Every structure is written in C-alpha cells, then in structure tokens.
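User: Please take me through this structure as a series of questions and answers, giving the cut-off behind each term when it comes up.

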Amino acid sequence: MIECMQHNQKIIPEPKIIPDLEIIPIPAFEDNYIWLMHNGKHAIVVDPGDAAPVFNALQRANLSLSVILITHHHPDHIDGVAALLEKYPHAKIYAPKLEQYAFEHTPVGEPDVIYVQEFDLNFTVLDVSGHTIGHIAYYAEQADSNHLLFSGDVIFGAGCGRVPEGSYAPAYQSLQKLAALPKKTKVYCTHEYTLTNIQFALTLEPNNQALVERLSQTQKLRDLGRPSLPTTIAFELATNPYLRCNSHEIQTTLRAKNLDEFKIFFIIRKLKNNY
Ligand SMILES: [Zn+2]
C-alpha cells in the first residue's frame, strides 16, 4: 500500500516535466554537496550538513525553503537542520524512520511516497541500508525519463559509501536496487569522490574504455572547479566497479572467477578501504 503524505491529501499525479526546475549543488565542508532543487520560488534541500551556505543560496535566489529531505543520520548531512528550521519554521522535514533525530520530522521508509505540493512532485522513498542501517534515498519520476535520485552516501561517482555499520549484504542489495532503476535516472550523490574512485576502479579494470574516458572527462571538470555530479545509472553501470562484479576483467584481476558477485563486491569494498 502506497502512502502519500502532504497536507492530508492523497494525490499521486502522473509524472510530468516541471518547467524551470533547477537542481544545483551547494558545496559544503571539504567535499560535500548539499543539493538544492528549486522552481524559482520554492526550494527543497537534501542533507543540509551546514546551514550557512544554504542560507546564502536561498537568499541570493530569493527562494523559500519548503522541504528538507534527510537520507541518513551522519552529522555532515544533518547539522544544518536546526538553524534552517529557525529561519524557515514551516519547512517540512522527512528522515529515515529507522533512525533517531533530535529535530521534529516525518519518519519515512519504503514504500512511502512524499507528495510535495509546491512542485507537484512525488518522491518515492527507497530503503537502501548499508552505509547506515536506516539509510533511505528519494526517487522522483519525470515524464521525460530524466528521473531524479537523491541517494546520500549509498552510491558515488564510480564508487559507493563505506559500510561502517557492517551491513555488507544489505549494502550490496541496496546497490542492486539502484542499478535496476531506469538508466537515464540522474543520481545526485553527496560527495565529490569521483576522481579517486575512478583511479581505484582502473586498478581493477584498466581496459574498461568507458572508465578510461571518464577519468579524462572528470579530470577536466575538476580542473575547472566544476562538480563531476550528477551521474546517471547508465554511466555507473558502465564504470562503477561495485555494479560490475560480473566483469571478467575485475574477476581476473581479483583472481576471483568462481566467487559469487556479493563476495566480489565485499572484496572490492575492503580493498578500497585500504586504497
Ligand atoms: Zn554518511
């Protein structure tokens, strides 16, 4: 049963193209992005770990903050919430139902659907446990197939999040779930780790031409100070080693021809921890 929550209405509109919809990364800390989605008037922010850069971005564009989406409980994803709420007390906050938060919020988990009236847009909540036990992602379909995924620290450009709470099997399942989304889905990850991830991925799969090309593309973007994100599901399927555990080249590099794909994922993640 799909739940739909916003202003007590149960409305599930068809996907549509929202005119003037813009999604911009607000850089924070060393390498975080706080994604800000707006339509020229209203804004949604995802994982505001710091309030100051979000205030600046909202004020510069004269936007009012309607919704805050939280993917997981790590401080670099939530520490700006309290200050933002002081300034925008009517903003609605959604956060994982399996985690604890000090601020007032609506707890959500799969298969909840959050309807955001200001954008006439539905976000489907996906459970993507692994990086944290309660981690969720927010997925919105659009009529032009450029669907949106705010995925926190589950998947990165050519990489994936650490599994500090030890849930490797759920982490693998979560990546499989994201990999099965429509290929044009744009993936808004929270960290700018792409370049290092590609360099690591090339040690496993040096002859993957898509990966070789991604290295030079990403290097150019970063040299210009531009983000390497968002990425897409298609791009990750072609270049992300954690989604490529069936690659012959990766299996040969790891001398792991007879292992199942989860074990290969586990080996890659462990190798990356020491890279
Ligand atoms: Zn995290």
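Analyst: A residue is called buried at under 20% relative accessible area, exposed at over 50% and partly exposed in between, with a 1.4 Å probe and protein chains only. The model is predicted, so local features need pLDDT of at least 70 and side-chain atom pairs count only at pLDDT 80 or more, while totals for chains, interfaces and linings use all residues. Residues are numbered from 1 along each chain as its sequence is written, and side-chain values use heavy atoms, with hydrogens and water left out.

User: Which residue forms a salt bridge with R244, and what is its relative accessible area?

Analyst: A salt bridge here is a side-chain nitrogen of Lys or Arg within 4 Å of a carboxyl oxygen of Asp or Glu, and R244 meets E205 at 2.8 Å, N to O. R244 lies in the loop between α7 and α8 (248-253) and E205 in the loop between α5 and α6, so the pair ties together parts that are 39 residues apart in sequence; helices are DSSP runs of H or I with at least four residues and strands are runs of E with at least two, numbered from the N terminus. R244 is buried at 18% relative accessible area. The partner is E205, which is buried too, its relative accessible area being 3%.

User: How many residues apart in sequence are the parts that E192 and R222 tie together?

Analyst: R222 is partly exposed with a relative accessible area of 31%, whereas E192 counts as buried at 12%. Their side chains meet in a salt bridge with an N to O distance of 3.8 Å. Because E192 lies in the loop between β14 (186-189) and α5 (194-204) and R222 lies in helix α6 (residues 209-223), the separation in sequence of the parts they tie together is 30 residues.

User: Which residue forms a salt bridge with K177?

Analyst: A search of the whole structure finds five salt bridges, and the one made by K177 has its closest N and O atoms 2.7 Å apart. This pair links distant parts of the chain, 67 residues apart, with K177 in helix α4 and the partner in the loop between β7 (106-108) and β8 (113-116). K177 is partly exposed at 29% relative accessible area, and the partner, partly exposed at 32% relative accessibility, is E110.

User: Where do the buried residues of α4 fall, seen down its axis?

Analyst: Helix α4 (residues 168-179) has 12 residues and reaches 16 Å from its first C-alpha to its last, close to the 16 Å expected at 1.5 Å a residue, where the expected span is 1.5 Å times one less than the number of residues. Its buried residues are Y168, A171, Y172, S174, L175, L178 and A179. What covers them, by contact of heavy atoms within 4.5 Å, includes β9 (121-127), β11 (148-152), α7 (233-239) and α9 (261-273). Taking directions from the helix axis to the C-beta atoms, these residues line one face of the helix because they fall within an arc of 160 degrees.

User: What is the site of the zinc ion, with the angles among its four donor atoms?

Analyst: Donors are N, O and S atoms within 2.8 Å of the metal (3.2 Å for Na, K and Ca), and sites may look incomplete because water is not among the atoms; for the zinc ion they are H72 (NE2), H74 (ND1), H131 (NE2) and D153 (OD), at 2.2 to 2.3 Å. H131, in the loop between β9 and β10 (136-140), and D153, in the loop between β11 and β12, link parts of the chain 22 residues apart. Four donors count as tetrahedral if all angles lie between 85 and 135 degrees, four count as square planar and six as octahedral if opposite donors are over 155 degrees apart and all others between 65 and 115, and anything else is irregular. With angles of 91 to 171 degrees, the site of the zinc ion is irregular.

User: Which residue does a cis peptide bond join to E110?

Analyst: The bond has an omega of about 5 degrees. The residue joined to E110 has its place in the loop between β7 and β8, and that residue is P111.

User: What is the relative accessibility of A158?

Analyst: A158 lies in the loop between β12 and β13, and its phi is near 60 degrees, a positive value in a residue other than glycine. A158 counts as buried, with a relative accessibility of 2%.
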